[in-house]
Amino acid sequence: MTVLDWDTAYRCHRGHRCTDAERVELALLAPHLVRADGPRWVRLGARIATLNGLCSVCTEHVRRAISALPLDYAELSTVLGVSGGGGAERVAGSRELPVPVRLEVEATQRKIAFEADRWAEIVADVRCLSWAVDGLRPAVMIERAAALLTERLDVLLTVPPWPVTEWNAEGAEWSVVECDGLTGALTLMALHTAVTALAGRAEQDTRLPMPCPRCERLALRRPNGTDHADCRACHHRLTADDLDAFTVALTGSAPGVLR
């Protein structure tokens, strides 16, 4: 194991995408990798106590993403213009989506249902719980799966490599592969992110140019149309009064300049 491997072993599995990532000088980790025209710094995931896992901040992000999947599924139904939580009945007066967009939205809905059902069943199996969802509408099943997975997130994140079925596009057939719970959790998180983009919510907040007063990271976001801000790193919320007081303390400017 190299010095770089050792230093990255007990860190958040999300690596440079970790919300609490640390900026480390490459020369301190692996001097032989330093190049005159190359990067001198690397972003490493936050330090954790386990060999393969997530930091507390990313774990909370995963929890929130999974808990949002039922609403994500319903929102995609609205985008498609259908009623009944993914049913086939089209809402009167709804506009037909372009075929490529509609196919992507429908595929994302199916993926949410498939992955939520799969990992809820695996977690239930690990914990010797019942998972009987045959005959349920996808929206109802996803709601139950999200509840189970958020309640037992610690179990999901520690599921060992598990035999699961995956679609092999090249061979146009289903095959059995091994996938662990950490990968499953990040897949569910990625689906939530995909819905954010498909539903047009990706740019519906404003990044504030000041550090969070709790964690001191530049991660404050104010949802457009609101008067509060949330820290994407530590999830601290600042009310309108908090923003005014913090703005005055930092800049000495009049209250309300950031709202």
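Which residues does Leu149 touch, not counting residues up to four places away in sequence? In this predicted model, the list runs to Ile66, Ala116, Trp119, Ala120, Val123, Leu156 and Leu188. That makes Leu149 a handy place to start a tour.

**The overall picture**

Let's step back for a moment. The chain has 259 residues, and 38% of them are buried. Its secondary structure comes to nine helices and eight strands. If you take the contacts between residues at least 6 apart in sequence, 53% of them join residues at least 24 apart.

**The cores**

Leu149 belongs to a bigger story. Along with Cys55, Ile66, Ile112, Trp131 and Leu156, Leu149 is among the residues with the most contacts inside the largest nonpolar core, a set of 47 residues. Which elements give two or more residues to this core? They are α3 (56-67), α4, α5 (99-126), α6 (138-151), α7 (153-157) and α8. Helix α5 supplies the largest share, with nine residues. There is also a second core, separate from that one, with twelve residues, including Cys215, Cys231, Ala233 and Leu243. As background, nonpolar side chains in soluble globular proteins tend to be buried together.

**Two helices that cross**

Two of the helices just named also meet each other. Helix α4 covers residues 69-80 and helix α8 covers residues 181-198; their axes come within 10 Å and cross at roughly 35 degrees. The crossing is left-handed. On the α4 side, the contact uses Leu69, Asp72 and Leu76, while α8 brings Leu188, His192, Val195 and Leu198. Sorted by character, the residues of this contact are five nonpolar, one polar and one charged. Leu188 may ring a bell: it is also on the list of residues that Leu149 touches.

**A four-stranded sheet**

Now for some strands. In what order do the four strands of the open sheet come? The order is β5-β6-β7-β8, and the pairing is antiparallel. At the edges sit β5 and β8 (237-238), each of which pairs on one side only. Strand β5 (residues 205-207) pairs with β6 over three bridges, and β6 pairs with strand β7 (residues 229-231) over two bridges.

Within these pairings you can pick out who faces whom. Asp205 stands opposite Pro223 in β6, and Thr206 stands opposite Arg222 in β6. On the way to β7, Arg221 stands opposite Asp230.

Strand β6 (residues 220-223) is worth a look from the side. Leu220 and Arg222 point to one face and are buried, whereas Arg221 and Pro223 point to the other face and are not buried. That fits a general pattern: side chains in a regular strand alternate between the two faces of the sheet.

**Three residues to look up**

Here are three residues with their places and accessibilities.

| Residue | Where it lies | Relative accessible area |
|---|---|---|
| Thr206 | strand β5 | 30%, partly exposed |
| Ala219 | loop between β5 and β6 | 14%, buried |
| Cys128 | loop between α5 and α6 | 71%, exposed |

Start with Thr206. Why does Thr206 count as partly exposed? Its relative accessibility is 30%, so it falls in the range between the buried cut-off of under 20% and the exposed cut-off of over 50%. Leaving out residues up to four places away in sequence, Thr206 touches Leu220, Arg221, Arg222 and Asn224. One of these, Arg221, is 15 residues from Thr206 in sequence, yet their C-alpha atoms are 5.4 Å apart in space.

Next comes Ala219, in the loop between β5 and β6. Ala219 counts as buried because its relative accessible area, 14%, is under 20%. Setting aside its neighbours within four places in sequence, Ala219 is in contact with Asp230, Cys231, Arg232 and Ala233. Two of those names, Cys231 and Ala233, are also among the residues of the second core. From Ala219 to Pro209 the separation is ten residues in sequence and 8.7 Å in space, C-alpha to C-alpha.

Last is Cys128, in the loop between α5 and α6. With a relative accessible area of 71%, Cys128 is exposed. What is the phi of Cys128 near? The angle is near 55 degrees, a positive value in a residue other than glycine.

Definitions and conventions. Residues are numbered from 1 along each chain as its sequence is written. This is a predicted model: local features need pLDDT of at least 70, side-chain atom pairs count only at pLDDT 80 or more; totals for chains, interfaces and linings use all residues. Side-chain values use heavy atoms; hydrogens and water are left out. Axes are lines fitted to C-alpha atoms, for helices over the stretch in contact, and angles run from 0 to 180 degrees between N-to-C directions. A crossing is left-handed if the near helix is turned anticlockwise from the far one by less than a right angle, and right-handed if clockwise. Contact means heavy atoms within 4.5 Å. Ala, Val, Leu, Ile, Met, Phe, Trp, Tyr, Cys and Pro count as nonpolar, Asp, Glu, Lys and Arg as charged, and the others, Gly among them, as polar. A nonpolar core is a set of buried Ala, Val, Leu, Ile, Met, Phe, Trp, Tyr and Cys residues joined through side-chain atoms within 4.5 Å. Buried means under 20% relative accessible area, exposed over 50%, partly exposed in between (1.4 Å probe, protein chains only). Two strands pair if DSSP finds at least two bridges between them.
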